[in-house]
Each structure stands twice: as C-alpha cells, then as structure tokens.
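Hi everyone, thanks for coming. I'd like to walk you through one structure today, so let me put it up on the screen.

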Amino acid sequence: MATVCAGTLALMDSGVQMVKPVSGIAMGLITDGERYAVLSDILGDEDHLGDMDFKVTGTSDGITACQMDIKIKGLSYEILEKALNQAREGRMHILSKITDTIAKPNPTVKPHAPKIVKMDMPKEYIGAFIGTGGKNIQDLQARTNTTIVVEEVGELGIIEILGTDEAGIQEAIEAVNAVKFEPVEGETYTVKVVRLVEFGAFVEFVPGKDSLLHISEVSWDRVDKIEDSLKEGDIIEVKYLGIDPKTKKTRVSRKALLPRPPREDRPKSDKPYNDKPRNDRNKGHNNHQKPRQE
C-alpha cells in the first residue's frame, strides 16, 4: 500500500488535479479457528505466515478499492467488520500525514512532467494545418519540440499536442488557434500593428491573420500621417466590421470604439482621404501639359 500513498503524494506534487487524496493499508489475520487477531499494516512475514492479506484504499469519504487473499475457508461477518473498521482507522491516520505534507495538488504541472493538450478544429481547416506533404505540421513539431497527432472524427479534426516544454506546447496551441481563427462581426479584438502604409496600418489578430485598418478609421480626428498616430508593434483594440462587399476584404475600425465627438467639434477638411500611394495619385495625368491656346 506504500505505492498508493506515495503515488498520491507524487501526483499531487506534480500538479495532477486529484479530486481527493487516497491512502491505503494492508490488513492481516492470525487465527487458530477459535481465536483471531486482525493486524494492521502487515509486513512480508506476516503476509507469508498469516491467514489473510486484505488491501483497502480510500479517501476521507469512503473506500475506493479493496482486494483480499485468504488461506482459510472463509471469514465471519465479525472478522470482516473488524478488519474494515480497523483499516479505516489506519487509512485516516495515514491520510492525515499525507495532507500534513501537501494539503492539495499544486496548481500547475511540474515543468518536466509530460503534458497532453487536446483541441479541435473544423474538418475543412485540417489540410491547411497539416500542409502539403505534412510540411506545416512537421515544421511546427520541430520548432516546438512537441508531438502532434491529428485525427478526423465526424466533422471535426481532433488534435493532441504532447510535450514537456510549456513554451513549446503554448506555441503549438497558438498555431492551431491561428489556423481556425475567424473574427466575428461586431466583436472587439486586441490586435498588433505589424505594418504601416500611407493609407493605414495592417493589424494582426493572430499570426497569419491580419486586416487593414484604414487611416479614416483610426480616429474621429483627421489623421494626415498614419505614423503620427500608430507605430509598428503597437497593441490596440479594434472593432471588426466584417467583409467589405466591394473589395471582399476584412474591415476593422479603431474609431468605432472611441467616444463620438459632438457634430460641431468634428474636424472639417476639404481634403478627402485617398487610399492610393502618392506615386499613383497622378497616374495617367500630365502635369506638364501646355495650356490650351484660345
């Protein structure tokens, strides 16, 4: 029964979230047919020379398992009742020593302990996750030092990530989430500014999934230069506006999350926003054309 008690301590220390700790004890019996003695926590010799080996495990609430070997024809109810009551006293004593040592499981798993994370994604994303010839998943496993197993179950892809390195497992989890991520129209997201262009900034929801934040959607105040308001690496909040029906591209707005100023306080300008680079604005026009002769 030392294995049960030591196993409980090891599991709780390693961060396995046991509902309740378990202790165990082995009970023995010596009888001459008329007299008997029930022994607690028997040793090897007592097991060998005695008439019973009765193992009992349990929590503070009751018995979780038991197993008995006997060398006599049977046990009376009286002997069995005494053995169970005596076993409970022993289990409770051992359990108190266990909880004195560690009262509850550690909140996090030990860094060196093997871990398994189970996730799922819609079936249609599995191909993109695995990649051509398995390239994507093989690269991810090598980069994160994990083993990733993918299985199709109905309309879902069930993904198991196995490893010991917490950082590597977390990176693999983020890769799975990135593949299946789809923003929801009207929801607010925390994004990262990854690239500035003259007409706005590209913001990233998750690695590999970004959207254009148009310069007109940065603020209620007029923004003439995007770099005056944002810089690469900034973390901001935006509202997802859905798919533009004309361009079929995603739209986001930072302005939609800011307080709307009164109409008289709104900036006035005759210059409309132009989302074309300066080099393209005069394309097709000849600025050096001579004036028409009357």
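Let's start with a single pair: lysine 115 stands opposite glycine 163, which sits in strand S7. Before I go on, please keep in mind that this is a predicted model.

That pair belongs to a broader match. Strands S5 and S7, the latter covering residues 156-163, run antiparallel and are joined by eight bridges. Zooming out, we find an open sheet of three strands in the order S5-S7-S6, and the pairing is antiparallel. Which strands stand at the edges here? They are S5, residues 115-122, and S6, residues 147-153; each has a single partner strand, so one side of each is left without a neighbour in the sheet. From one strand to the next, the twist averages 20°.

Now, what lies across these strands? Helix H6, residues 166-180, does: it lies across S5, S6 and S7, and runs at about 5° to S5.

Let's move to another sheet. Four strands form this one, an open sheet with the order S2-S1-S3-S4 and antiparallel pairing. The edges belong to S2, residues 36-40, and to S4; each of them has a single partner strand, so each has one side without a neighbour in the sheet. Neighbouring strands are turned against each other by 15° on average, if we ignore direction.

A helix packs on this sheet too. H3 touches S1 (23-31), S2, S3 and S4, and the direction of H3 makes about 145° with that of S1.

Have a look at S3 and S4 in particular. S3 covers residues 52-58, and its antiparallel pairing with S4 runs over seven bridges. A hairpin of four residues links S3 to S4. For a landmark on the screen, find methionine 52, which stands opposite isoleucine 70 in S4.

Isoleucine 70 brings me to the surface. Together with Ile63, Met68, Leu80 and Leu84, Ile70 forms a nonpolar patch there, and these residues have about 360 Å² of accessible area together. Where does the patch come from? Strand S4, residues 63-70, and helix H3, residues 77-101, each supply at least two of its residues. The largest share, three residues, comes from S4. So the patch draws on an edge strand of the four-stranded sheet and on the helix that packs on that sheet.

One member deserves a closer look: leucine 84, which has its place in helix H3. Is leucine 84 buried, exposed or partly exposed? Its relative accessibility is 31%, and because partly exposed covers the range between 20% and 50%, leucine 84 counts as partly exposed.

Let me finish with the whole chain. Its secondary structure comes to seven helices and 12 strands, so there is plenty I haven't shown you today. Of the 294 residues, 32% count as buried. The accessible surface comes to about 19,400 Å², and 51% of that belongs to carbon and sulfur atoms. Finally, take the contacts between residues at least 6 apart in sequence: 58% of them join residues at least 24 apart.

That's my tour. Thanks for listening, and I'm happy to take questions!

Notes
Residues numbered from 1 in each chain as written. Predicted model: local features only at pLDDT ≥ 70, side-chain atom pairs only at ≥ 80, totals over all residues. Heavy atoms only, no water. Patch = residues over 30% accessible without salt bridge, like charges linked within 9 Å, V, L, I, M, F, W, Y side chains within 5 Å. Areas by Shrake-Rupley, 256 points an atom, 1.4 Å probe, with all protein chains shown as cover. Salt bridge = Lys/Arg side-chain N within 4 Å of Asp/Glu carboxyl O. Buried < 20%, exposed > 50% of the residue type's maximum accessible area, 1.4 Å probe, protein only. Pairing = 2+ DSSP bridges. Axes fitted to C-alpha atoms, helices over the stretch in contact; angles between N-to-C directions. Contact = heavy atoms within 4.5 Å.
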